[in-house]
Amino acid sequence: MATMETLTPEIARLIAAKERRRRKLAALPFAEKVRIVIKLQEMAAPILRARGRSVKVWPLEEGEPVVRG
């Protein structure tokens, strides 16, 4: 892979932005990460169902805690 010095400024900027985004997501609380996964499931479900796949989106009501116990 090319080093940062050999990349175009635009590619270097995109890689830096991607790294910032990854760090931001990694710093989120666990409950927020689960909510993001559920949102992605909701977005993918219609596409997968249209392809004949059986899909179950994790249930989570707004305000409901992610971790029960």
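A residue counts as buried under 20% relative accessible area, as exposed over 50%, and as partly exposed in between. L60 has a relative accessibility of 22%, so this residue is partly exposed. L60 belongs to the segment after α2. In sequence, L60 and I38 stand 22 residues apart. In space, their C-alpha atoms are 8.0 Å apart. I38 itself is among the buried residues of α2. These values, like those below, come from a predicted model.

The overall fold is described next. The protein chain contains two helices and zero strands. Helix α1 covers residues 9-26. Helix α2 covers residues 30-50. The chain has 69 residues, and 10% of them count as buried. Its exposed surface amounts to about 6100 Å². Carbon and sulfur atoms supply 61% of that surface.

Helix α2 was examined for length and bending. It holds 21 residues. At 1.5 Å a residue, a helix of this length should span 30 Å. The C-alpha atoms at its ends lie 31 Å apart, so the model agrees with the expected span. The helix nevertheless carries a kink of about 35°. This kink is located at A44. The proline P46 follows shortly after. Just beyond the helix, G52 adopts a positive phi of about 85°.

The residues of α2 can be sorted by burial and by surface character. Its buried residues are V34, I38, Q41 and A45. A nonpolar patch lies on the surface and is formed by L25, I36, L40 and M43. Together these four residues present about 340 Å² of accessible area. Helix α2 gives the largest share of the patch, with three residues. L40 is placed in α2.

Charged side chains pair within helix α1. Across the whole structure, the search returns two salt bridges. One joins the side chains of E10 and R13, with an N to O distance of 2.7 Å. The two residues are three positions apart in α1, so about one helical turn separates them. E10 has 44% relative accessibility and therefore counts as partly exposed. R13 reaches 47%, which also falls within the partly exposed class. R13 is located in helix α1. The side chains of R13 and E10 are also joined by a polar contact of 2.7 Å.

The other bridge links the side chains of R23 and E19. Here the N to O distance is 3.0 Å. R23 and E19 are four residues apart in helix α1, so they too are separated by about one helical turn. Their accessibility classes are not alike. R23 is exposed, because its relative accessibility is 58%. E19 is partly exposed, with a relative accessible area of 34%.

In summary, the predicted model has two helices and zero strands. Both salt bridges, E10 with R13 and R23 with E19, pair residues about one helical turn apart in α1. Helix α2 combines a kink at A44 with a span that agrees with expectation. It also holds the buried residues V34, I38, Q41 and A45 and supplies three residues to the nonpolar patch. After α2 comes the segment that includes L60, whose C-alpha atom lies 8.0 Å from that of I38.

Definitions and conventions
Residues are numbered from 1 along each chain as its sequence is written. This is a predicted model: local features need pLDDT of at least 70, side-chain atom pairs count only at pLDDT 80 or more; totals for chains, interfaces and linings use all residues. Side-chain values use heavy atoms; hydrogens and water are left out. Buried means under 20% relative accessible area, exposed over 50%, partly exposed in between (1.4 Å probe, protein chains only). Accessible areas come from the Shrake-Rupley method with a 1.4 Å probe; for residues, only the protein chains shown count as cover. The expected span of a helix is 1.5 Å times one less than its number of residues. The bend at a residue is the angle between axes fitted to the seven residues ending there and the seven starting there. A polar contact is a pair of N or O atoms within 3.5 Å; within protein, one must be able to donate a hydrogen and the other to accept it, and residues adjacent in sequence count only if both atoms are side-chain atoms. Patches are made of residues with over 30% relative accessible area and no salt bridge: like charges are joined within 9 Å, nonpolar side chains (Val, Leu, Ile, Met, Phe, Trp, Tyr) within 5 Å.
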